[in-house]
Amino acid sequence: MPDVAAQALIKAPSSTIWAILTDADRLVAGGLGVLRIDGQIRPGARLKLWSEVSPNRAFALRVSVFEPPREMAWTGGMPLGLFRGTRRFSLTTEGEQTMLRIAENFTGPLAPMITRTLPDLQPSFDRFVAGIKHIAEGGRS
């Protein structure tokens, strides 16, 4: 499976989108494919995340980049760098709108073998950015 990405141009300031992305309760309640998050989304925090893509598995993540309101990254994987996934969230102001980009890349010697077993993540990425756009533009979460 290659790296996966999605983006949306949102009619809202980056601070509004950042507030949504860093609020675990809103991510879970927003119908974004996130079932549960244990932990607070803040610099260096450790999180456990359950998603609809793999509802019976908790992903252990660390907030490895936290630069409000521009960039955040969540990193998880196996010891010794054998397999690592990094999900990056970036926000870029474009006039009175904000471009939200989300991308995940997989690295490490076991990445080719493990990524072949992963489900197609593109639909969940597309759903996530569309949901963030809906919430940020005034929809309910």
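In the predicted model, Val65 stands opposite Ala73 of strand E5. Val65 belongs to strand E4, which covers residues 54-67 and runs antiparallel to E5, with five bridges joining the two. The connection between E4 and E5 is a hairpin of three residues.

On its other pairing, E5 is matched with strand E6, again in the antiparallel sense, over seven bridges. Within this pair, Glu71 is placed opposite Ser90 of E6. E5 spans residues 71-77 and E6 spans residues 84-94. E5 thus has pairings with E4 and with E6. The strand is mostly covered, five of its seven residues being buried. In a regular strand, side chains alternate between the two faces of the sheet.

The hairpin formed by E5 and E6 has six residues between the strands. Leu80 lies in this loop, and its phi in the turn is positive, at about 65°. The relative accessible area of Leu80 is 84%; Leu80 is therefore classed as exposed, the cut-off for that class being over 50%. Leu80 also contributes to a nonpolar surface patch of about 300 Å², together with Met78 and Leu82. The exposed state of Leu80 contrasts with E5, where five of the seven residues are buried.

Technical notes
Residues are numbered from 1 along each chain as its sequence is written. This is a predicted model: local features need pLDDT of at least 70, side-chain atom pairs count only at pLDDT 80 or more; totals for chains, interfaces and linings use all residues. Side-chain values use heavy atoms; hydrogens and water are left out. Patches are made of residues with over 30% relative accessible area and no salt bridge: like charges are joined within 9 Å, nonpolar side chains (Val, Leu, Ile, Met, Phe, Trp, Tyr) within 5 Å. Accessible areas come from the Shrake-Rupley method with a 1.4 Å probe; for residues, only the protein chains shown count as cover. A salt bridge is a side-chain nitrogen of Lys or Arg within 4 Å of a carboxyl oxygen of Asp or Glu. Helices (H or I, at least four residues) and strands (E, at least two) are DSSP runs, numbered from the N terminus. Buried means under 20% relative accessible area, exposed over 50%, partly exposed in between (1.4 Å probe, protein chains only). Two strands pair if DSSP finds at least two bridges between them.
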